[in-house]
Amino acid sequence: MAKKDLSFSTSTNERSALLNNRISDSINRSRSESMRRRSSSSVNEATKKQRFRAIRICYFGMFVSSIVFSITVSSLWPFLQIIDTSAEATFLGWLVAAFSIGQLIASPIIGYVANRTDNNKMPLVASTALIVVSNILYAYVQSINNVGLSNKWWLMLSRFIMGIGAANSTIMRSYSSSATTLSERTAVMANLSAYQGVGFILGPLIQALFAFLGYPGPVHKSWLYLNIYTAPAFFSALTAGVNLVLFLVSFHDVRTVSPSRKSISNSTSNKTVQSKAESRERHDQSMAIVCCLYMFFVAYLTFTNYETIASPLSIDMYAWSKEQSTRNNGYLLGALGCMSVVVLIVTKLLAKRLQDRLLMLIGLIICFLGYFVFLPWGSDYPSIQIATLPSSTTTIRPSSNTSAPPLRTTTTTVADSDDKGCPLDYQWCYYIPRVQLWQYIAASIIITTGFSICNVICYSIFSKKLGDRPQGTMMGIFTSAGSLARAFGPIAVGFLYKHWGPRIMMIFMLVFVLTGILSLLFNYTRLHIEAEQVDDTDDEDHDDDDEERNINGDNRYDSNENITA
């Protein structure tokens with residue numbers, strides 16, 4: 001009996017000791033987990049600050065890369081006529097397009113390089129440096145004075161290099177996608193589009209602010225020309241220089257990688273057999289992405305063509321001088337830029353209540369109405385330029401009874417050096433009615449409103465349809481779609497405007513916008529975005545894991561080649 005009591009006591013003590021050990025281990029694990037979470041929380045907070053510091057630099061970079069295109073658009077035509085008097089409106093189209101051709105070529109390449117090297121900082125630094133150099137070249141075209149090439153070709157070269165540099169918008173979009181969680185991404189992507197759209201529209205206003213310099217301006221030396229046409233280029237070089245310093249000093253390539261993203265890529269790459277439903281889903285996604293690319297092309301085509309034609313149309317229709325056209329269009333576009341900020345805010349609010357595809361449809365319909373209002377009607381025709389008579393020389397011979405030598409006099413008809421009104425060689429000026437000033441202003445407001453809506457919403461749809469894959473290369477293609485519009489549009493519009501006038505040009509744009517609307521309607525069901533339901537607790541846990549990966553630098557995105565869409 002005593003042995004049994006001793007055995008029972010020993011067993012009880014062992015169980016008690018084991019229980020105490022387990023409790024102690026549990027407490028230790030709890031403390032360790034608590035310390036890990038506190039440490040992880042502090043690490044997350046520090047990393048989030050780095051991520052959003054880099055994203056804010058990208059906001060400014062998007063504004064700069066957009067403004068370098070638009071800041072000289074309203075003054076490009078008069079500046080071209082100053083540096084090369086033989087230049088025609090057709091060449092203006094190529095000059096405007098040179099920027100977009102450079103961006104079109106460079107965007108997919110720079111996106112692919114960033115993906116392959118897994119480095120965003122160096123492509124951003126190199127491309128931003130090109131923006132600085134190209135704007136300085138633009139400002140010094142008059143100083144070059146036809147060395148090696150005609151001045152107009154130097155101007156085109158500067159615009160082309162500028163476009164290559166502006167391809168950095170591809171990297172900034174792709175980085176912002178990889179540096180945000182699912183809950184953060186929508187707002188960040190909308191802000192990127194907003195900064196780009198505002199820069200695209202506000203550029204001419206900044207140009208107009210330099211109107212007080214006039215031409216030839218306060219400095220007219222062989223080593224420096226500072227006037228209404230070169231000051232915007234110096235301003236662009238300065239802002240791009242500030243952006244370059246920010247990329248070098250404050251930009252840290254910190255990203256997030258969630259388990260869901262890794263599982264998506266791994267599970268997709270391991271699949272060899274897909275059901276018919278999965279195949280159809282992939283087909284629908286591909287069609288939706290192609291539709292987004294085309295709608296983005298149409299959206300940028302509408303506003304680029306408007307900005308391109310604004311200067312020559314206002315000179316021809318309203319007999320404005322070059323400086324008047326630059327100043328008045330700058331003020332108008334500046335007011336439209338302020339209006340676009342309001343439109344962007346309203347669009348973000350509407351996006352919470354309406355589907356993205358419906359907002360995109362509304363934006364395209366508004367653009368269509370804008371170009372319909374732009375159509376010339378009535379019997380009021382534009383003023384025609386007054387022909388300039390050539391100089392004539394008359395020899396007066398004295399009477400025969402004098403020995404005075406013959407007198408030679410020259411009669412010159414003095415014309416206004418700044419031609420106003422519709423050019424004589426434009427045959428359509430005699431039978432196409434004038435676009436009334438109220439039409440011009442109303443159409444400008446309507447087109448800008450539609451473009452502002454389309455710019456934000458189209459990008460949002462495209463980013464969501466891509467999913468959680470690395471988006472560098474695809475964002476390069478997306479940027480190229482906008483660049484193609486800015487390359488194709490000015491060339492086509494310049495040709496149509498010179499030979500057939502504004503009516504055919506407006507009909508040309510109405511047809512393109514209509515095809516964009518039809519494309520959206522055809523793919524309307526494919527553009528549906530399912531609402532995301534994310535548990536806040538789980539999302540925080542995922543964020544903790546994500547941030548630790550970023551700090552340790554153990555996990556980064558693979559390239560697009562490792563993911564089958």
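Both Cys-422 and Cys-429 are buried, and in this predicted model a disulfide joins the two residues, with an S to S distance of 1.7 Å. The torsion about the S-S bond is -55°, which gives the link of Cys-422 and Cys-429 a left-handed form. The count of disulfides comes to one. A disulfide is, in general, a covalent bond between the sulfur atoms of two cysteines. Cys-454 is not joined in this way to Cys-367, which holds the cysteine sulfur closest to that of Cys-454, because the separation of 4.6 Å is too far for a bond; the cut-off applied to a pair of cysteine sulfur atoms is 2.5 Å. Cys-454 itself counts as buried, at 0% relative accessibility.

Aromatic contacts are considered next. The structure holds 32 aromatic pairs. Among them, Phe-303 and Phe-451 form a stacked pair, for which the centre to centre distance is 4.9 Å and the angle between the planes is 20°. This pair links distant parts of the chain, since Phe-303 belongs to helix α11 (residues 276-318) and Phe-451 to helix α14 (residues 437-466), with the two positions 148 residues apart in the numbering. Phe-303 is buried, with a relative accessible area of 0%, and for Phe-451 the relative accessible area is likewise 0%, so that this residue is also buried. Phe-303 and Phe-451 are moreover members of a cluster built from ring pairs, which includes Phe-296, Tyr-300, Tyr-306, Tyr-318 and Trp-320, and to which Tyr-371, Phe-374, Tyr-440, Phe-462 and Phe-478 also belong.

Aromatic rings also take part in contacts with charged side chains. The charged end of Lys-152 is placed over the ring of Phe-91, at 4.8 Å from the centre of that ring. Arg-486 lies over the face of Phe-69, and here the distance from the ring centre is 4.8 Å.

Side chains of opposite charge can pair when their charged atoms come close. In the present model, the count of salt bridges comes to two. In one of these, the side chains of Asp-284 and Arg-526 meet with an N to O distance of 3.1 Å. Asp-284 is located in helix α11, whereas Arg-526 is located in the loop between α15 (472-522) and α16 (536-552), so the salt bridge ties together parts that are 242 residues apart in sequence. Arg-526 has a relative accessible area of 18% and is therefore classed as buried, the limit for that class being under 20%.

A salt bridge is also formed by Asp-380 with Arg-434, whose closest N and O atoms are 3.1 Å apart. The two residues come from distant parts of the chain, 54 residues apart: Asp-380 is in the loop between α13 (356-374) and β3 (392-396), and Arg-434 is in the loop between β4 (407-411) and α14. Asp-380 counts as partly exposed, at 33% relative accessibility, and Arg-434 is also partly exposed, with a relative accessible area of 22%.

On the surface, a nonpolar patch is formed by Val-342, Val-346, Leu-350, Leu-354, Leu-358 and Ile-362, which together have about 420 Å² of accessible area. Helices α12 (322-350) and α13 each supply at least two residues of this patch, and α12 gives the most, with three residues. Ile-362 is situated in helix α13 and counts as partly exposed, at 34% relative accessibility.

Backbone geometry was examined as well. Most residues other than glycine have a negative phi, and most peptide bonds are trans. The peptide bond from Tyr-215 to Pro-216, by contrast, is cis, with omega near 15°, and Pro-216 is placed in the loop between α8 (182-209) and β1 (219-221). Asp-118, although not a glycine, has a positive phi of about 55°; this residue is found in the loop between α3 (89-117) and α4 (121-139), where Asp-118 is partly exposed, with a relative accessible area of 26%. A positive phi of about 55° is likewise found at Ala-319, again although the residue is not a glycine. Ala-319 lies in the loop between α11 and α12 and, at 27% relative accessibility, counts as partly exposed.

Key: Residues are numbered from 1 along each chain as its sequence is written. This is a predicted model: local features need pLDDT of at least 70, side-chain atom pairs count only at pLDDT 80 or more; totals for chains, interfaces and linings use all residues. Side-chain values use heavy atoms; hydrogens and water are left out. Rings of Phe, Tyr and Trp (its six-membered ring) pair if their centres lie within 6.5 Å; planes under 30 degrees apart count as stacked, over 60 as edge-to-face and the rest as tilted. Helices (H or I, at least four residues) and strands (E, at least two) are DSSP runs, numbered from the N terminus. Buried means under 20% relative accessible area, exposed over 50%, partly exposed in between (1.4 Å probe, protein chains only). A charge sits over a ring if NZ of Lys or CZ of Arg is within 6 Å of the ring centre and within 35 degrees of the ring normal. A salt bridge is a side-chain nitrogen of Lys or Arg within 4 Å of a carboxyl oxygen of Asp or Glu. Patches are made of residues with over 30% relative accessible area and no salt bridge: like charges are joined within 9 Å, nonpolar side chains (Val, Leu, Ile, Met, Phe, Trp, Tyr) within 5 Å. Accessible areas come from the Shrake-Rupley method with a 1.4 Å probe; for residues, only the protein chains shown count as cover.
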